[in-house]
Amino acid sequence: LYQAEYRLECPLCRGQVGILQESPGLADAVTQRYGTDFADRRRQDADVPHQSLPKPERDEPREQLMAALKQQGGYKTLALNVTLDLSSGGWESMPACLPELRSLRQLRVENNLLRSLEHLRLPALLALVAHHNQIQHIGNQLFGAPNIVRLDLSHNLLSKVDGLSELHSLQSLNLSHNKLASVEGLAECAPSLDVLDLTHNQLSYAALASLLARRTTLRVLYLRHNPFLVEGISEAKGSYRKFLVSEFPSLSYLDDAPVDLNERGAADAWASGGEQGEKAERVRQISARAERTRANTSYMMEKKRLALERRAAAEGSTAVTAGDGSSISTSLGSSGSGECSAGVTPGSPTAPGSFLRELLADGPTCITPLPPSPAETSISAEERPISADRGQQAVGSAGAACAQPSSSAPLSPSLASSVK
């Protein structure tokens, strides 16, 4: 027992313990534990199979949820995630760890095999998209998410609307493509609804009475593809669209067309005065539209007239009287450099206005034209245009008096220099 080569095997951890020196206490413990026949007892303990700790059971829904979060770039700490997309994952029920996502605001579970919305205790949830599932009833499964603003349960197997009484913040509700025959559960959340889609169901005019009894703030309403509803309203009220537009005063979009002010006015007139009232309202609208067109046209014509006056004032004309009493006008542009009909260009040394005044102050005279350029020499007299920069354009009526040279009125020095 106390040999140096002997090794004792621990019965708990199966580890090898070496006996290095004699110890009466150890010998007594071994004898008390294994008895006097130590070698045989040791062989019996060696035959006992190893008792390992039990492995924890796998939580496959949790693992699948964590894998989805990893694929979406989410956090391992569930409470930090704000959005979660479990769509098209083959889910048959909600994962039990879903309440751990306390900060979740948007949850998408569409295109699955869900039959219920259990474990939905998410107080921060704002949007739940669960279309294309097999949900048959709602019950109190949404009471744990009272702050939902958008709820999409289309393409399911719902036969009635219930469990929406606690959703006081609900604004958009999509229940299309179900088997709804009644909408009594909508009366509790109707005051806050803005968008409601009930297309492709089995609703009737009597089933819609509970919703019509509540004055809602609905802005968008879809009721098409409910044959009993459309036919029932048309038979009972005469017009499906006019009746609904008059019943919902805040409606701005019905089925596949918007509701404008003209249609609302005509629908209200139809509801109060019948066909005659609607006809009178249509005539009034046409007259008002024609009056607005006339007013707009007059306004634009007045604007055009004022613009032309401002332009004429900016390009205003100056009249100068010649020595023989004739009037010569000079148009001044908005930039202040006008064009003189005497043939002086704006780039000449003398300004056009001073040149004209100096020319007229000396009385009728004649400006000797400069010799033509080589290019002009080859052009006949009939085809040759009047060149303003060579002094050949007549200056008003004074040009007619300058047809012949006159020595009685010589040019002043400044005028001669400008003409050169």
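1. Let's start with Gln141: buried or exposed? At 18% relative accessibility, Gln141 counts as buried, because the cut-off for buried is under 20%. Keep in mind that this is a predicted model. Gln141 is in the loop that runs between strand S5 (127-129) and strand S6 (150-152). Its side chain has a partner, too: the backbone nitrogen of Leu117, reached at 2.6 Å. Leaving aside residues up to four places away in sequence, Gln141 touches Ser116, Leu117, Glu118 and Leu120.

2. Gly139 sits in that S5 to S6 loop as well. With a relative accessible area of 24%, Gly139 is partly exposed. Leu117 turns up here again: the C-alpha atoms of Gly139 and Leu117 are 9.3 Å apart, with the two positions 22 residues apart along the chain. What does Gly139 touch, not counting residues up to four places away in sequence? The answer is Asp162 and Gly163.

3. Two histidines deserve a look at their backbone. His132, in the loop between S5 and S6, has a positive phi of about 55 degrees although it is not a glycine. His132 counts as partly exposed, at 36% relative accessibility. His177 also has a positive phi of about 55 degrees, and it is not a glycine either. You'll find His177 in the loop between strand S7 (172-174) and strand S8 (195-197). At 32% relative accessibility, His177 counts as partly exposed.

4. Now the core. The largest nonpolar core has 63 residues, and the ones with the most contacts inside it are Leu107, Leu120, Leu128, Leu142, Leu151 and Leu164. Several helices feed into this core: H3, helix H4 (209-213), helix H5 (227-237), helix H6 (240-247) and helix H7 (261-314) each supply at least two residues. The largest share comes from H6, with four residues. As background, nonpolar side chains tend to be buried together in soluble globular proteins.

5. Leu151 is a good place to zoom in on that core. Not counting residues up to four places away in sequence, Leu151 touches Leu128, Leu142, Leu164, Leu167, Leu170, Ser172, Leu173 and Asn174. Leu120, another of the core residues with the most contacts, is one of the residues touched by Gln141.

6. On to H6. Its buried residues are Tyr240, Phe243, Leu244, Val245 and Ser246. What do the buried residues of H6 pack against? They pack against H4, H5, strand S10 (253-254) and H7. At the start of H6, a side-chain oxygen of Ser239 comes to within 3.4 Å of the backbone nitrogen of Lys242.

7. Helix H3 (residues 60-72) passes a simple geometry check. Its 13 residues, at 1.5 Å a residue, should span 18 Å, and the end C-alpha atoms are 18 Å apart, which agrees. Leu65, Ala68 and Leu69 are buried in H3. Why do these buried residues line one face of the helix? Seen down the axis of H3, they fall within an arc of 100 degrees, so they line one face. This fits the usual helix pattern: an α-helix has 3.6 residues a turn, so residues three or four places apart point the same way.

8. The surroundings of H3 round out the picture. Its buried residues pack against strand S3 (83-85). On the other side of H3, Glu60, Lys70 and Gln71 are exposed. After H3 comes Gly73, whose phi is positive, near 80 degrees.

9. For the chain overall, the secondary structure comes to eleven helices and 13 strands. The chain has 420 residues, and 33% of them are buried. Of the contacts between residues at least 6 apart in sequence, 34% join residues at least 24 apart.

10. Finally, a word on confidence. The chain averages a pLDDT of 75, and 63% of the residues score at least 70. Where does pLDDT stay under 50? One such stretch is residues 318-356, for which the model has 66 contacts beyond four places in sequence. Another is residues 378-408, with 42 contacts of that kind. Where pLDDT is low, the predicted coordinates should not be read in detail.

Note on methods:
Residues are numbered from 1 along each chain as its sequence is written. Side-chain values use heavy atoms; hydrogens and water are left out. pLDDT is the predictor's confidence in each residue, from 0 to 100. Contact means heavy atoms within 4.5 Å. The expected span of a helix is 1.5 Å times one less than its number of residues. Buried means under 20% relative accessible area, exposed over 50%, partly exposed in between (1.4 Å probe, protein chains only). The arc is that of the directions from the helix axis to the C-beta atoms. A nonpolar core is a set of buried Ala, Val, Leu, Ile, Met, Phe, Trp, Tyr and Cys residues joined through side-chain atoms within 4.5 Å. A polar contact is a pair of N or O atoms within 3.5 Å; within protein, one must be able to donate a hydrogen and the other to accept it, and residues adjacent in sequence count only if both atoms are side-chain atoms.
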